[in-house]
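Please open the structure in your viewer and keep the selection tool ready. The tour below goes from stop to stop, saying what to select and what is there.

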Amino acid sequence: MLKQIAPGATLGILGSGQLGRMFAIEARRLGYGVHVFSPDQNTPTGAVADREWSAAYDDFDALDEFARSVDVVTLEFENISTEALNRIEKKTPVRPGSKVLEVAQNRLREKSAMQSFGLPTAPFAAIDSLETLKSKLNEFGGKGILKTASWGYDGKGQQMVTSDDDLASVWESYADAETILEGFVDFTRELSILGIRDANGNFDCFDPIVNVHANHILDVSLAGPGLFESKTIQAARDIVRTVMESLDAVGVLCVELFQTSTGDLLINEIAPRPHNSAHLTIDAHYCCQFAQQVRAICNLPLGSTKLRQPAAMANLLGDLWPATGEPNWSKVLAVPEIKLHLYGKKEAKPGRKMGHLTALAESVDTAETFVRNARQSLLL
Ligand SMILES: Nc1ncnc2c1ncn2[C@@H]1O[C@H](COP(=O)(O)OP(=O)(O)O)[C@@H](O)[C@H]1O
Ligand SMILES: [Mg+2]
């Protein structure tokens with residue numbers, strides 16, 4: 001049994017956005033200190049941390065010092081080099097470790113790993129020439145999504161392609177990067193499942209969450225009874241458990257899934273950290289994903305994953321911001337069912353995640369209506 005890292009210790013986090021911020025808030029609630037490390041300054045996480053380290057992720061001297069100043073390191077951002085993580089791991093445990101990150105950073109390695117664990121994914125192939133693009137697209141039924149293997153998020157670096165497209169010109173913009181083609185999955189809906197695992201192997205997970213995307217960015221997430229058949233819930237639980245155990249992942253890990261018309265689940269991608277779709281756990285569940293991350297990396301008993309009330313979450317993107325000033329928050333602050341979360345980002349840009357709303361209600365449908373109406377009211 002690994003020892004507990006008890007409250008009073010200092011937790012380090014790599015990455016300084018909203019996920020780090022919400023982690024830091026939960027860590028502080030439990031009496032931990034928090035240090036954040038990223039190349040930026042005056043960040044959403046830095047604003048609520050005890051210390052903000054601003055240095056490049058490959059500044060090994062700074063990483064050494066950071067590692068010495070904390071008792072355990074976790075992350076909110078998966079694109080940190082394995083060299084940097086290995087360097088930190090020499091001094092301080094990193095949860096999840098470099099092995100997990102190596103898989104999650106690259107869509108080809110990720111999908112191959114999932115298959116090697118016996119888990120279903122969308123059909124995929126590595127593409128290194130126009131000829132392979134054409135032949136694989138044919139094999140996948142003439143419709144697919146071309147993605148850069150690394151560095152993509154919120155739909156960046158990806159494009160739908162069909163055999164009728166001018167593939168030569170599409171390929172030109174991908175030829176310099178490692179590229180993957182995925183067969184287009186005609187899913188009936190998207191869901192995510194979040195697992196929690198500590199270094200002693202204790203595991204739990206939330207029930208799956210329904211996700212609705214708009215312009216390739218998560219828009220609305222839903223949680224509550226009746227969304228899934230019990231066999232789907234069990235299948236999703238088995239998937240996230242297999243992924244975490246096979247990768248020996250510690251902390252919180254999200255598996256994004258497609259559900260097909262036959263009810264089957266296919267893995268889209270994994271994120272070895274808290275996930276936007278589970279922000280509703282802050283208001284709707286006994287112990288939220290960020291508090292679970294704190295508990296898991298510190299070997300504390302895991303918290304209850306039980307739902308208190310059906311819930312819906314809507315993202316607040318920078319597009320909602322007026323040309324000057326802030327949206328009229330009094331519109332949503334006046335609604336008792338609505339919780340407002342803002343990330344303290346200085347500048348609103350289209351597509352940038354600035355905050356989210358969660359609605360709690362007697363049913364998921366009502367919660368969804370509340371949250372969509374509340375967000376819409378900000379535009380009036
Ligand atoms: N193979 C696919 N078939 C159908 N839709 C897809 C496929 N891959 C991605 N998408 C759609 O694009 C969204 C973003 O893709 P994803 O691979 O999750 O990238 P990101 O890292 O940007 O989240 C998915 O949530 C889904 O809606
Ligand atoms: Mg995704």
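**A tour by selection**

Begin by selecting Phe37, Trp53, Tyr57, Phe66 and Phe77, which together form one aromatic cluster. As you look, keep in mind that this is a predicted model. The structure holds 6 aromatic pairs, and one of them is made by Trp321 and Trp329, which meet edge-to-face at 5.4 Å centre to centre, with 70° between the planes. Trp321 is buried, with a relative accessible area of 13%, and Trp329 counts as buried too, at 12% relative accessibility.

Stay with rings for the next stop, and select Lys143 with Phe184: the charged end of Lys143 sits over the ring of Phe184, 4.2 Å from its centre. Then select Arg308 with Tyr286, where the charged end of Arg308 sits over the ring of Tyr286, 4.6 Å from its centre.

Now select helix α8, residues 230–247. At 1.5 Å a residue, its 18 residues should span 26 Å, and the end C-alpha atoms are indeed 26 Å apart, which agrees. Which residues of α8 are buried? They are Thr232, Ala236, Ile239, Val240, Val243, Met244 and Leu247. If you look down the axis of α8, these buried residues fall within an arc of 120°, so they line one face of the helix. An α-helix has 3.6 residues a turn, so residues three or four places apart point the same way. On the face of α8 turned away from the buried side, you will find the exposed residues Ser230 and Lys231. To see what covers the buried residues of α8, add the elements around them, including α4 (98–104), α5 (107–116), β9 (189–197) and β13 (251–259). Just after α8 comes Asp248, whose phi is positive, near 50°.

The last stops concern the backbone. Most residues other than glycine have a negative phi, and most peptide bonds are trans. Select Asn42, in the loop between β2 (33–38) and β3 (51–54): although Asn42 is not a glycine, its phi is positive, about 50°. Is Asn42 buried or exposed? At 59% relative accessibility, Asn42 counts as exposed. Go on to Asn215, in the loop between β11 (209–214) and β12 (217–223), where phi is again positive, near 50°; Asn215 counts as exposed, at 71% relative accessibility. Finally, select Arg95 and Pro96, which are joined by a cis peptide bond with omega near 0°; Pro96 lies in the loop between α3 (82–89) and α4.

Key: Residues are numbered from 1 along each chain as its sequence is written. Chains are lettered from A and ligands numbered from 1 in the order in which they are written. This is a predicted model: local features need pLDDT of at least 70, side-chain atom pairs count only at pLDDT 80 or more; totals for chains, interfaces and linings use all residues. Side-chain values use heavy atoms; hydrogens and water are left out. Helices (H or I, at least four residues) and strands (E, at least two) are DSSP runs, numbered from the N terminus. The expected span of a helix is 1.5 Å times one less than its number of residues. Buried means under 20% relative accessible area, exposed over 50%, partly exposed in between (1.4 Å probe, protein chains only). The arc is that of the directions from the helix axis to the C-beta atoms. Contact means heavy atoms within 4.5 Å. Rings of Phe, Tyr and Trp (its six-membered ring) pair if their centres lie within 6.5 Å; planes under 30 degrees apart count as stacked, over 60 as edge-to-face and the rest as tilted. A charge sits over a ring if NZ of Lys or CZ of Arg is within 6 Å of the ring centre and within 35 degrees of the ring normal.
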